[in-house]
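Colleague: I would like to go through this model with you. Shall we start with the terms and then take the parts in turn?

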Amino acid sequence: MNTAPLTPDFIPHEWRPVASAELIDDFVRVAWADGAVFDAYSLWLAENADGYGLEPMTRESMLEPRDLPSPADLSAATIDGDGALALDWSDGRRVRIHPGWLRYIADDAHLPASALPVQTMWTAADFSEPPTIDGSQILDDDDVLDEWIATLVQYGLCRLADTPTDLDFVGRLIRHVGPIRDTNFGPIWSVQLKPNPDSTAYTGLNLGQHTDLPTREVPPGFQFLHCVENTVLGGWSRMSDGWAVVEAIRSEHPGAYEALTTLEWVFMNRAKDAEHRWIGPIIDHGGRRQPLTLRAFYPVRSAPHMDRSDVPRAYESLRVFAEMARDPRFQVVYPFRPGDLVGFDNRRILHGRDGFESGGARHLRGCYADHDDFHSRLRVLRRDRTHQQSSTKASNTRPITSHEVPA
Ligand SMILES: [Fe+2]
């Protein structure tokens, strides 16, 4: 067999021989023995071909669009003896295309949702505590790491139990996955009582259900809280799936839903050395490809940014949101034990805590990360194991943002 042509990625594609190839109106129609058919445009093939546009070290395309050939320059499309697609160009060059890579594209396995679990809505009827995994070996066992990230993506919430309780563990774990999302609170921060707090998180106050950092254009995707010490009475955590809360508001309080999704507020953080601002609705369904973003952190909601006549109903909708977010139907309520590390989707999951007295010590170490880096890590973990199993259209996955678009 000839050497397999390079592909425009670093994925070890299975060899999936092409059964037929036909040049039709500047597209190459390739078909496989199982009936799958894919139309590949000539210039797209040129960009991605080993021996044409593909730069072999980086696997990126090096052809500027103005340097692309004419579609008519593709003179023939055939199959070589190994089942690779062979393309002849008018300048005399012949390139081969990896048939497994073509099949990977044909199967939509290159789409962002591929290899990621489907998001699942949950309520208190589904869990009494967060989905929990033994975290004692997570830095050494990729199967545990896979399960943890997959659970985070699926439910937006996962607790690791029995992790080390040193102050640096959460940083080691998140850096094991990807970059930490730094903020003006620092890359890793401690949630504990502070004498001069710059956030209500650093007091013993009750914290209503919220998401962090609505003052940012793109709030952090995931938040992690690692309990290194806890001897206080109270301070239990409360989590609810904001997706479920939003859907309940939509069906039970349509007027409030309309106000929460359309009326905008200015958000501004309160810090002596930072001044982040953003404008948006409380429930932000975003654009077509953007995930649901809840901006529910009332301590930094600055001012209504709406017509005067809308302000009273905007406030009434806030009350509805807060009451629904606190509704026992949706909440799991649980204590933090030393060694617990709770991760959650900061744009989807509403989190809060009960107040606590200052009689003991409560110390959480926290940090943020972006969705992208967790998704990337999971894809790479699964690259060798699962992507080739989906030889048909990815029927077991759907875009992870599919729930954000109102029906
Ligand atoms: Fe928070």
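Modeller: First a definition. A residue is exposed if 12 or fewer other C-beta atoms lie within 10 Å of its own, and buried if 20 or more do. Keep in mind that this is a predicted model.

Colleague: Which exposed residues does the face of helix 8 turned away from its buried side carry?

Modeller: Start with the buried side. Its residues fall within an arc of 75° seen down the axis of helix 8, so they line one face. The face turned away from them carries two exposed residues, Asp372 and Val380.

Colleague: Which residues of helix 8 are buried?

Modeller: Helix 8 covers residues 371-383. Its buried side packs against helix 3 (142-155), helix 4 (169-177), strand 11 (222-230) and strand 21 (362-369). The buried residues are His371, Phe374 and Leu378.

Colleague: How far apart are the end C-alpha atoms of helix 8?

Modeller: Helix 8 has 13 residues. At 1.5 Å a residue, they should span 18 Å. The model agrees, as the end C-alpha atoms are apart by 18 Å.

Colleague: What separates the centres of domain 1 and domain 2?

Modeller: Domain 1 takes in 20-106, and domain 2 takes in 132-389. The C-alpha atoms of the protein fill a box of roughly 80 × 55 × 45 Å along the principal axes. Taken over C-alpha atoms, the separation of the two domain centres is 45 Å.

Colleague: Among contacts between residues at least 6 apart in sequence, what share joins residues at least 24 apart?

Modeller: The protein has eight helices and 21 strands. Of its 407 residues, 37% count as buried. For the contacts you ask about, the share is 76%.

Colleague: Is Leu193 buried, exposed or partly exposed?

Modeller: Leu193 sits in the loop between strand 9 (189-191) and strand 10 (207-210). Its C-alpha atom is separated by 5.2 Å from that of Thr203, 10 residues apart along the chain. Buried needs 20 or more other C-beta atoms within 10 Å, and exposed needs 12 or fewer. Leu193 has 15, so it is partly exposed.

Colleague: Over which residues is the pLDDT below 50?

Modeller: The mean pLDDT of the protein is 91, and 94% of its residues reach 70 or more. One stretch falls below 50, with 34 contacts in the model beyond near neighbours in sequence. Where pLDDT is low, the predicted coordinates should not be read in detail. The stretch is residues 390-407.

Note on methods. Residues numbered from 1 in each chain as written. Predicted model: local features only at pLDDT ≥ 70, side-chain atom pairs only at ≥ 80, totals over all residues. Helix = DSSP H or I, 4+ residues; strand = E, 2+ residues; numbered from the N terminus. Expected span 1.5 Å × (residues − 1). Arc of directions from axis to C-beta. Contact = placed C-beta atoms within 7 Å. Domains from an automatic or database assignment. pLDDT = per-residue confidence, 0-100.
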